[in-house]
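Student: I have a model open and want to talk through its fold. Could you take my questions one at a time?

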Amino acid sequence: MIFVYVISQKATNRMAMEDWQHSGSTISVVFTRICKAIASLSQTFIKPPNLDAIPDEIRWNPKYYPYFQNCIGAIDGTHIAAHAPADVANNFRGRKSTVTSNMLAICSFDMLFTYVVTGWEGAVHDSRVLTTQLEDPTSGFPHPPAGKYYLVDSGYSNKPGFLAPFRNVPYHLRDARRRAGGINGPTELFNYRHASLRNCIERCFGVLKARFPILQYMTNFSLIRQREIAMCCCVLHNFIRLHNRGDPLFDRYGVDGVMPPSDSDSDDDAPSSSGTARDQGANSGNDNNFANDMRDRIMFEMYLNYN
């Protein structure tokens with residue numbers, strides 16, 4: 001209970017001492033022991049679904065099926081609060097100059113994390129984190145089978161296995177809802193439905209940060225411990241999702257189209273013309289053409305059936 005108390009109340013060691021009437025060393029020992037134990041369960045609770053199956057959230061929704069039938073999840077990064085030593089603090093400063101760490105995650109459309117990597121410096125762009133995981137044979141990254149893909153935002157490149165929206169076209173749900181004239185043309189329709197389906201990862205992050213405030217107010221733990229804490233929160237997120245379908249936070253964020261509070265340091269808020277997506281691995285022209293052609297086919301099929 002001490003561990004859950006600390007991560008859910010953004011409590012310091014001194015606060016835990018007062019509330020639990022234990023010494024600081026006892027609080028620290030218990031917290032570290034439980035943190036390591038929960039983090040060790042990550043491969044048990046955070047794992048890919050059946051990548052050959054069409055997710056029910058797509059199969060039974062005419063907005064998404066058959067257009068996104070080969071989609072197997074959504075990828076994004078999010079910034080979480082960090083406490084870094086002064087000599088490396090600048091490496092952890094995001095675009096807003098706050099000290100953060102970058103966490104990359106994949107989620108399924110029923111709001112389960114299926115892959116998580118934590119502990120990257122806040123100054124590192126999401127696309128570089130993804131590239132590193134893709135190129136590292138020991139990372140455990142669940143590469144999409146042939147013909148399958150993850151949804152990504154415009155901070156990543158459109159390439160086989162990763163379907164990005166059209167650039168220089170309104171994308172975010174809030175953008176589409178602000179437009180008085182509604183959807184205007186096939187690229188806007190594609191981007192709107194892409195954003196609506198990919199929104200599951202934003203909602204996962206919304207639930208995670210609402211449940212575990214320590215991710216927004218990290219106290220003075222070592223960098224290694226901070227990385228373990230973030231992983232623990234993701235493990236507990238999945239445990240609750242699997243065993244308590246009536247959880248009020250999931251009910252609040254589980255509705256398609258719900259927009260969680262904006263992540264002020266998120267890379268997808270950066271201008272899409274920044275070129276950072278080129279960091280996501282070296283792609284041949286044929287690969288890019290194949291991915292772009294597939295996106296065009298989805299777009300036109302979707303628009304032909306749009307009423």
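Student: Which strands do the buried residues of H6 pack against?

Tutor: This is a predicted model, so local features need pLDDT of at least 70 and side-chain atom pairs count only at pLDDT 80 or more, while totals for chains, interfaces and linings use all residues. Residues are numbered from 1 along each chain as its sequence is written, and side-chain values use heavy atoms, with hydrogens and water left out. Helices (H or I, at least four residues) and strands (E, at least two) are DSSP runs numbered from the N terminus; buried means under 20% relative accessible area, exposed over 50% and partly exposed in between, with a 1.4 Å probe and protein chains only. The buried residues of H6 pack against strand S1 (71–81), S2, S3 and strand S5 (162–163).

Student: How many residues of helix H6 are buried?

Tutor: H6 covers residues 126–135. Its buried residues include Asp 126, Val 129, Leu 130 and Leu 134. The helix is largely enclosed by the rest of the structure, because the buried count is seven of the ten residues.

Student: Leu 130 and Gly 77 are how many Å apart in space, C-alpha to C-alpha?

Tutor: Leu 130 lies in helix H6. Its relative accessible area is 0%, so Leu 130 is buried. In sequence, Leu 130 and Gly 77 are 53 residues apart; in space, C-alpha to C-alpha, the separation is 9.0 Å.

Student: What is the order of the strands in the open sheet?

Tutor: Strands pair if DSSP finds at least two bridges between them. S1 and S2 pair in the antiparallel sense over eight bridges, and His 79 stands opposite Asn 102 in S2. S2 (residues 100–107) and S3 also run antiparallel, joined by six bridges. The five-strand sheet has mixed pairing and the order S3-S2-S1-S4-S5.

Student: Which strands are at the edge?

Tutor: The open sheet has five strands. An edge strand here pairs on one side only. The edge strands are S3 and S5.

Student: Is edge strand S3 mostly covered or mostly uncovered?

Tutor: In the pairing with S2, Ile 106 stands opposite Tyr 115 of S3. Seven of the nine residues of S3 are buried. S3 is mostly covered.

Student: Which residue in the hairpin of S2 and S3 takes a positive phi?

Tutor: The hairpin has five residues between the strands. One residue there, other than glycine, has phi near 70°. At 1% relative accessible area, that residue is buried. The residue is Met 111.

Student: Where is Asn 168, and is it buried or exposed?

Tutor: Asn 168 also has a positive phi, near 60°. Its place is in the loop between S5 and helix H7 (173–178). With 71% relative accessibility, Asn 168 counts as exposed.

Student: Which element gives the most to the lining of the second largest pocket?

Tutor: On a 1 Å grid over the protein atoms alone, a pocket is an open set of points where a 1.4 Å probe fits, with protein on both sides within 12 Å along at least five of seven lines; lining residues have an atom within 4 Å of a point. The lining has 17 residues, and those closest to the pocket centre are Gln 43, Tyr 115, Val 116, Ser 139 and Met 231. Helix H4 (42–45), strand S3 (113–121) and helix H9 (223–243) each supply at least two lining residues. With five residues, the element that gives the most is S3.

Student: Which residues is Gln 226 in contact with, neighbours within four places in sequence aside?

Tutor: Gln 226 is found in helix H9. Its relative accessible area is 6%, so Gln 226 is buried. Contact means heavy atoms within 4.5 Å. The partners are Ala 81, Ala 82, His 83, Met 218 and Phe 221.

Student: How many disulfides does the structure hold?

Tutor: A disulfide is a pair of cysteine sulfur atoms within 2.5 Å. The sulfur of Cys 35 is 3.8 Å from its closest cysteine sulfur, in Cys 232, so that pair is too far for a bond. Cys 71 is in no disulfide either, as the nearest cysteine sulfur, in Cys 200, is 7.8 Å away. The number of disulfides is zero.
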